[in-house]
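Open the model in your viewer and keep the selection box at hand. The stops below say what to select next and what is there.

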Amino acid sequence: MIAFSSVHKQYGRQVLFSGASFQIDPGDKIGLVGPNGAGKSTIFRLIEGTEHADKGSVERPKRLTLGIFRQDVGDWTGKTVLEQVIEGAGEVGLLATELAELEPKLSDPDAADFNAVLERYGDVQERFAMLGGYDLDARAAQVLAGLGLNQEQIAGDIGALSGGWKMRVALAQVLLMNPDVMLLDEPTNHLDIESILWLEDFLRDTKSTVVMTCHDRDVMNRVVKRIIEIDSGQLRTYTGDYDFYEKQRGEANVRQAAEYKAQQAMLAKEERFIERFKGQPSKSSAVQSRARMLEKIERVDAPKKVVEQRFTFPEVARSGDEVIEARDLVKAYGAKRVHEGLDLSVRRGERWAVMGENGSGKSTLISMLAGVLAPDSGGVKIGASVDMAHFAQQHADNLTGRGSVMQELETRFPMAGQGVLRQLAGAFSFRGDDVDKRVSVLSGGEKTRLALAILLFGKPNLLLLDEPTNHLDLGTKNALLKALESYQGTIVFVSHDRSFLRALATKVLELRPGDPLVYPGSYIEYVESTGREAPGMRAIDGTAKA
């Protein structure tokens, strides 16, 4: 379907691809992996045709339909969400718009162009029906509901939605298109866990070819069947899911290290022989033979030094045993009562995962516990010797300083040494020249990383975290998770990342209409108890466990 043949691409001195070749076949489910800046987005643009290879070729069928989801949306307004999704759904959406424009013209049979309009209407109607257009509204509503939008949002003005919700609408457009190939750039970034689970099912079942980047390990394991790794200009293909790729890559690195070590030993031995006997006529033939052999031998590349991101919490002060006591919390937004009589007791060292369907009040609860949002009634009591740190996405958005990343850290932690702060920055993927980037020009993901670094270095013994892994790559997620696993304080958090939930949660609070449910065990035990990975989802095996 799509073939890359000996593709070379570079920007200035940076070589992204050198002799890259691979093929994408119909129905493939492919995950693109590689460090930031490796060229994943360039692969998308080469497939799309908005960029071209410097050398080599990218071949694709002329009538190939592409659905492309990127991390940006237009300034949409003036249409309902449903109208916007249908309008952006490719050919079938365009046909729907044209039918709506032609229908009023059919009411005037005396018009000079009536016969032409009638003929065009028939052609458009036939194609529209063939593409499933007459159930388009129903399919669009189903996709939007799967991605977490309610009926009021679907029927409302898209201009009233936040950027994150508009991203869901943009994703819905691609899914509704049913294209030959979907190119998906981090499709889970703005989704809650229920929507992610729905998307997994959709992508597994679709007949479209899927090429995606994704920082959610579970999604990669459950959707993709092939991994294409971009590393220092080379593309390597692994058949299997993400876990298999990591295992195979690790084994390949071990083999390469062994081969490199053995070859270096052999080369050193031969070079010693040449150096020792190069001045002896009786050995000249042997010396020349070995020298020619060394010139022809294919050198094994030195194994790359893997820099593991690591962050260790400073030792935190011990809090009292009773960390949070929330009693009879009530919170409403207009006529919608989000919390009504919520009680929660959090003790030292516990790690609570707050779960619930979209709109159940997870972020509202975290904000009330943090004291940044007042309940309508009831109260929150913070225990003795508690030093609280609260992370929400707006904290990242509010980082607008004019200085560099390093200057921001130095300003906030003037007593910390340069080495310590560079280690902190490195643990959150700011390495080398990255620490000199101005805070004001950082991307959303970079600001999230910086905000977390600042938050976690302040020695809090209570962390209130609302979706801390949004926009984080897998390496940074792993570093954060390892740090939190060894953290001695107390955590209450919201997350849509199941690997994060499995590793961290020792208790689960499920928010639901009526009385919230408290699961006194881990997230793993919660899943085993309910038979489902998130509130509101069907059981994994079709029935909830007793």
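## Stop 1: a strand inside the sheet

Start by selecting Gly 31 and Met 212: Met 212, in strand S7, is the bridge partner of Gly 31. This is a predicted model. Now widen the selection to strand S3, residues 29–33, together with S7; the two pair in the parallel sense over three bridges.

Next, take S7 alone, residues 209–213. Is this strand buried or exposed? Five of its five residues are buried, so S7 is largely enclosed by the rest of the structure. Colour its two faces separately. Thr 209, Val 211 and Thr 213 lie on one side, and Val 210 and Met 212 on the other; both faces are covered.

Add strand S6, residues 181–185. S6 and S7 are parallel and share five bridges. To find the register, click Met 182, which stands opposite Val 210 of S7.

## Stop 2: the whole six-stranded sheet

Show the full sheet. What is the strand order? Reading across, it is S5-S6-S7-S3-S8-S9, an open sheet of six strands with mixed pairing. The edges are strand S5 (66–69) and strand S9 (234–239), each of which pairs on one side only. From one strand to the next, the twist averages 15 degrees.

Select S3 again and add strand S8, residues 226–231. These two run parallel and are joined by four bridges. Ile 30 has Arg 226 of S8 as its bridge partner.

Then bring in helix H7, residues 163–177. H7 lies across S5 and S6, and its direction is at about 165 degrees to S5.

## Stop 3: a backbone oddity after S6

Select Glu 186. You will find it in the loop between S6 and helix H8 (193–205). Check its backbone: phi is near 50 degrees, a positive value in a residue other than glycine. Most residues other than glycine have a negative phi. Is Glu 186 buried or exposed? Its relative accessibility is 7%, so it counts as buried.

## Stop 4: two helices crossing

Select helix H10 (residues 242–277) and helix H11 (residues 284–296). Their axes come within 10 Å and cross at roughly 145 degrees. The crossing is left-handed.

Show side chains at the contact. From H10, pick Leu 267, Glu 270, Glu 271, Phe 273, Ile 274 and Phe 277. From H11, pick Ala 286, Val 287, Arg 290, Ala 291, Met 293 and Leu 294. Colour by residue class: nine are nonpolar, three are charged and none is polar.

## Stop 5: the three-stranded sheet

Move on to an open sheet of three strands, ordered S11-S10-S13 and paired antiparallel. Strand S11 (336–347) and strand S13 (377–382) are at the edges; each has a single partner strand, so one side of each lacks a neighbour in the sheet. Here the twist averages 15 degrees from strand to strand.

Select strand S10, residues 322–333, with S11: nine bridges hold this antiparallel pair. One of the places to click is Ala 332, whose bridge partner in S11 is Arg 337. Helix H12, residues 362–370, packs on the sheet and touches S10, S11 and S13. The direction of H12 makes about 125 degrees with that of S10.

Stay on S10 and select Asp 328, which is found in this strand. Asp 328 has a positive phi of about 55 degrees, although it is not a glycine. With 45% relative accessibility, it counts as partly exposed.

## Stop 6: helix H15 and what covers it

Select H15, residues 418–427. Which of its residues are buried? They are Leu 421, Leu 424, Ala 425, Gly 426 and Ala 427. Now turn on the neighbours. The cover over these buried residues includes helix H14 (405–412), helix H16 (444–456) and helix H17 (474–485). Step just past H15 to Ser 429, where phi is positive, at about 70 degrees.

## Stop 7: a buried arginine

Finish with Arg 532, in the segment after helix H19 (523–530). Its relative accessibility is 15%, so Arg 532 counts as buried; the cut-off for buried is under 20%. Which side chain does it meet? Select Tyr 526: a polar contact of 3.2 Å joins its side chain to that of Arg 532.

Conventions:
Residues are numbered from 1 along each chain as its sequence is written. This is a predicted model: local features need pLDDT of at least 70, side-chain atom pairs count only at pLDDT 80 or more; totals for chains, interfaces and linings use all residues. Side-chain values use heavy atoms; hydrogens and water are left out. Buried means under 20% relative accessible area, exposed over 50%, partly exposed in between (1.4 Å probe, protein chains only). Contact means heavy atoms within 4.5 Å. Axes are lines fitted to C-alpha atoms, for helices over the stretch in contact, and angles run from 0 to 180 degrees between N-to-C directions. A crossing is left-handed if the near helix is turned anticlockwise from the far one by less than a right angle, and right-handed if clockwise. Ala, Val, Leu, Ile, Met, Phe, Trp, Tyr, Cys and Pro count as nonpolar, Asp, Glu, Lys and Arg as charged, and the others, Gly among them, as polar. A polar contact is a pair of N or O atoms within 3.5 Å; within protein, one must be able to donate a hydrogen and the other to accept it, and residues adjacent in sequence count only if both atoms are side-chain atoms. Two strands pair if DSSP finds at least two bridges between them.
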